[in-house]
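Biologist: I am new to this structure and would like to learn how its features are read, one at a time. Could we look at it together, starting from the empty spaces?

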Amino acid sequence: MTNDQRPLYIADFNYPLPDERIAKYPLPERDHSKLLVYRDGKVSEDRFYNVGDYIAPHSLLVYNNTRVIQARLEFHKPTGARIEVFCLEPLEPHDYQLSLGSTTGCTWKCMVGNAKKWKEENLSLTLSSKEGTELQLRAYLAGHTGNTYAVRFEWDGEGVSFAEILDAVGELPIPPYLNRKTEKSDLKTYQTVYSRIKGSVAAPTAGLHFTDAVLDNLRSRGIETDEVTLHVGAGTFLPVKTADANEHTMHTEIIAVPKATIEHIINKLGKIVAVGTTSMRTLESLYFMGCKKAAEVGQFDPYTQEYTLSTREALQSLLDWMDATGQETLHGETQIMIKPGYEFHVVDQLITNFHQPQSTLLLLVSAFVGGDWRTIYDYALSHDFRFLSYGDSSILTRR
């Protein structure tokens, strides 16, 4: 696809979202959420537990298995000043599993609240280990870039991992637009039932509607499932502040996709269902990684050059490259921006929630439905659908 220099005015992707339409809490039964169904320009509604009625047999449903970590830490200086440290992504070790599994120390890219009160001294907090002994967690400022900081964490508890420390004293970071503090119930409801790979600071919320019963029902219909990993960063909440959305800088997120999953996708091309925008971004990124034989995708890669490979050829090229380089799992980074004019290569259906006005996620939805996003959102607004992370769901078929 060639570069399109025409402005993409973010104001064209605005709609009224009253605060009372934002779901502050999930429904008691997560699969009882409303389901908007969009196909060929027509809209209807159902309940999520019937989502299998709208997916063809022998399709492949791909979900994001990332798990939200309790990434927000609160320190207090001897003066009483409160310093909030929000862990965004690991810097050293750079690998999520190695960093979360470290039992000696690690460095993370963080946002720091009340940073002006934190000079050169280290901060510490005390927690109790599983054996009942006290452990000191120390935090040091190790660098500063823009509005983020490199923070070094060290502790003296033998055999205690950083993941265990976060579980003990960290707070689950629910979305800012909920305008409330994290509650105990969020520890369960803000995780998908299939989450297992720790690393996200926000949930892949389209998956919050799934239950074991729904997954069993899909499999009984001959609908197969597979999983990818994209660790959702805080950048997912960044608003588009530029009048021309093309001038917005997309955040980069880390993905992991096993070779067997890519093979599974190749065998199911034409019947791929992405659960959420994170799975969508991961699956579509695979096409460009295969074309480039590189484990990274830039924001405008889909728009700045011609790609001649078919989807099957690109994914096979990716597998061949992984074989040649000895990779059983593809570890990569994607900054892909899916916006109107994007040509989809992998995904045929998308399960997703209702997104904020003037957001990159709404641009993605618009691209998927051929610009017909207002039909969907007007229906949802006029039929009492609940919006954003804890809100209702939709299943969209690509136009």
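Biologist: How many residues line the second largest pocket, and which of them lie nearest its centre?

Modeller: Please keep in mind that this is a predicted model. As a general idea, rolling a probe the size of a water molecule over the atoms shows where empty space is left. Here the second largest pocket is lined by 20 residues, and those nearest its centre are Asp95, His231, Ile255, Ala256 and His331. The space in this pocket comes to about 370 Å³.

Biologist: Which element gives the largest share of the lining of the second largest pocket?

Modeller: That share, five residues, comes from strand 13, while the elements that supply at least two residues each are helix 1 (96-101), strand 12 (224-230), strand 13 and strand 16 (329-334). Sorted by class, the lining of this pocket holds eight nonpolar, eight polar and four charged residues.

Biologist: How many residues line the largest pocket, and what space lies in it?

Modeller: About 540 Å³ of space lies in the largest pocket, and its lining is made of 26 residues, with Leu88, Met111, Gly233, Ala234 and Gly235 nearest the centre. Two or more lining residues come from each of strand 6 (82-92), strand 7 (105-113) and strand 13 (253-258), and strand 6 gives the largest share, three residues. By class, the lining of the largest pocket divides into 13 nonpolar, eight polar and five charged residues.

Biologist: Turning to the sheet, in what order do the ten strands of the open sheet lie?

Modeller: In general, strands of a sheet pair through backbone hydrogen bonds, either parallel or antiparallel. In this model the open sheet of ten strands follows the order 2-1-18-17-14-3-12-13-16-15, and its pairing is mixed. At the edges are strand 2 (42-47) and strand 15 (296-297), each of which pairs on one side only. For one pair in detail, strand 14 (residues 272-275) and strand 17 (residues 349-353) run parallel and are joined by three bridges, with Ala274 having Leu350 of strand 17 as its bridge partner.

Biologist: Is helix 9 buried or exposed, and what does it pack against?

Modeller: A residue is called buried when its relative accessible area is under 20%. In helix 9 (residues 360-368), nine of its nine residues are buried, among them Thr360, Ser366 and Phe368. These buried residues pack against helix 6 (276-292), strand 17, helix 10 (373-382) and strand 18 (393-397). Just after helix 9, Gly370 adopts a positive phi of about 65°.

Key
Residues are numbered from 1 along each chain as its sequence is written. This is a predicted model: local features need pLDDT of at least 70, side-chain atom pairs count only at pLDDT 80 or more; totals for chains, interfaces and linings use all residues. Side-chain values use heavy atoms; hydrogens and water are left out. On a 1 Å grid over the protein atoms alone, a cavity is a set of points where a 1.4 Å probe fits but cannot get out, and a pocket is an open set with protein on both sides within 12 Å along at least five of seven lines; lining residues have an atom within 4 Å of a point. Grid points are joined across faces, edges and corners, and a volume is the space filled by probe spheres set on the points. Helices (H or I, at least four residues) and strands (E, at least two) are DSSP runs, numbered from the N terminus. Ala, Val, Leu, Ile, Met, Phe, Trp, Tyr, Cys and Pro count as nonpolar, Asp, Glu, Lys and Arg as charged, and the others, Gly among them, as polar. Two strands pair if DSSP finds at least two bridges between them. Buried means under 20% relative accessible area, exposed over 50%, partly exposed in between (1.4 Å probe, protein chains only). Contact means heavy atoms within 4.5 Å.
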